[in-house]
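Subject: Structure handover, with notes on salt bridges and nonpolar cores

Dear colleague,

I am passing on the structure below, and I would ask you to keep it open while you read the notes that follow it.

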Amino acid sequence: MAVNVLFQPPVVRRERHFRGFDPLEREFSDEELRQRYRFGRETIGYLSDLMRGDLERGTNKETALSVEQQVMIALRFYGSGSHLQVVGDTMGFDKSTVSRVIDRVTDSLVAMKDDFISWPDNQRKNVIRAGFYEKGWFSKRGRFTNISARWPGSAHDSHVFRTSAIGQHLENGYRGIGQGVLLGDSGYPCRQFLLTPYRQPAAGRGQARFNRRHCSTRSTIERTFGIWKKRFHILGSEIRMKPDKACRIIIACGILHNIAIMRNEPEVAEEQLIDNQPQMPPYNGPQDGKGIRDHFATTFFA
C-alpha cells in the first residue's frame, strides 16, 4: 500500500523592520534633546553632516534610515548605556537594526579620531601651559589630547602610559622642560617629562605646596573623566559587547566629548593667555624627574 506523505516547507520568518521616528521632527527643545541624546539640535546636525558620506545609503526604500536617525540611535545608546533592545523599543527600531547602526556610526567616528583627538603642537602647548598658569580656564575645557583603549581594566595605569604612542614619543623625543611636563599621581614613576607628588615632602622647601598645587591641577583630569562618564553613561556601565567593539565605542565617546567642548564652550583669547605666562628660569641640573620636580618646587612654590 502506498502512502503519500506531504512535506510542508519550513516557514521562513522575515526579519521585522520598524521605520521608527525621527526625533528632530518632534517638538523637542534643545534641553529635551540633550537629556535624551546629549547634544542640541545644531550639534546633532553638525554630527550628521560630518558622517553623512559614511552613513548615507544608496536607496530610496521607505525602510531606509536617515543619517539623522542613525546618529541619534547611536547617541541614545552612548548616552543611556541601555541594552540594544531598550534603545530600539524607545525609538521604534528592532534590536538588529540598532546593532548595525551603532557599528556604522562608531566606525565613522573612529575613522575621524586624528581630526579631533591629537597631541598638541607647540602653539597649542603654549596655550595649555598658560591656561594651567591662569588656573581656571583649562579646567573648564577638559579636552582629550590622546586616548588608548586597548588594555583591560586590570592593566596598571603606568604600564598603559609607558606602552602608549605618547609614552613612547616622550621617552624618545623629550628635549627638556621647555617643552612642558605632564603630571601623574604616585602610581607613576617620576620622570623628567612626568612629575609626581612627593611621597614625604620636606619642610620649608616648597614641596608640600608643590604637592597641593599638583593635586589641585591634576583634579582637572578627574573632573574631565566625571563629565565624560556623566555625558555618556555607557562608559559607567558594563559594555556588553566584544572587546574590540567596546574599545571602539570608548574612542567614539572620546571624540564626541571633544566635539561637545568644541561646539558648546566659548572661544578663548589665546594670545592674551600666552602673554601672561611666566618665564621659565633656566635649569642646568640633573635631567631626571626628581631633579626637575625640585626645580619646580623651589622656583614657584618655596
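In what follows, contact means that heavy atoms lie within 4.5 Å of each other. Please bear in mind throughout that this is a predicted model.

With that meaning of contact in hand, we can begin with Y78, which, once its neighbours within four places in sequence are left aside, is in contact with I102, V105, T106, L109, F232, H233, I234, I249, A252, C253 and L256. Y78 is also one of four residues, together with L75, F232 and I234, that touch the most other members of the largest nonpolar core, a set of 46 residues. At least two residues of this core come from each of helix 1 (30-37), helix 2, helix 3 (67-80), helix 4 (84-91), helix 5 and helix 12, and helix 12 gives the most, with nine residues. Because domain 1 (30-56 + 64-114) and domain 2 (122-251 + 281-301) both give residues to this core, it lies between them. Another core, of 16 residues, lies apart from it and includes I166, I177, F296 and A297.

Turning to charged side chains, it helps to remember that side chains of opposite charge can pair when their charged atoms come close. How many salt bridges does a search of the whole structure find? The search finds seven, and three of the pairs are described here.

In the pair of R52 and D49, the closest N and O atoms are 2.9 Å apart. Both residues lie in helix 2 (residues 41-55), three residues apart, which is about one turn of the helix. R52 is partly exposed, with a relative accessible area of 22%, whereas D49, at 53% relative accessibility, counts as exposed. These two residues are linked with E68 in a network of salt bridges.

D103 forms a salt bridge with K245, with the closest N and O atoms 3.0 Å apart. Since D103 lies in helix 5 (residues 95-110) and K245 in helix 12 (residues 243-264), the pair ties together parts that are 142 residues apart in sequence. D103 counts as partly exposed, at 22% relative accessibility.

Finally, the side chains of E171 and R191 meet in a salt bridge of 2.9 Å, N to O. This pair links distant parts of the chain, with E171 in helix 10 (residues 165-173) and R191, 20 residues apart from it, in the loop between strand 1 (182-183) and strand 2 (194-195). E171 is partly exposed, with a relative accessible area of 40%, and R191 is partly exposed too, at 30%.

With best wishes

Methods
Residues are numbered from 1 along each chain as its sequence is written. This is a predicted model: local features need pLDDT of at least 70, side-chain atom pairs count only at pLDDT 80 or more; totals for chains, interfaces and linings use all residues. Side-chain values use heavy atoms; hydrogens and water are left out. A salt bridge is a side-chain nitrogen of Lys or Arg within 4 Å of a carboxyl oxygen of Asp or Glu. Helices (H or I, at least four residues) and strands (E, at least two) are DSSP runs, numbered from the N terminus. Buried means under 20% relative accessible area, exposed over 50%, partly exposed in between (1.4 Å probe, protein chains only). A nonpolar core is a set of buried Ala, Val, Leu, Ile, Met, Phe, Trp, Tyr and Cys residues joined through side-chain atoms within 4.5 Å. Domain bounds come from an automatic or database domain assignment.
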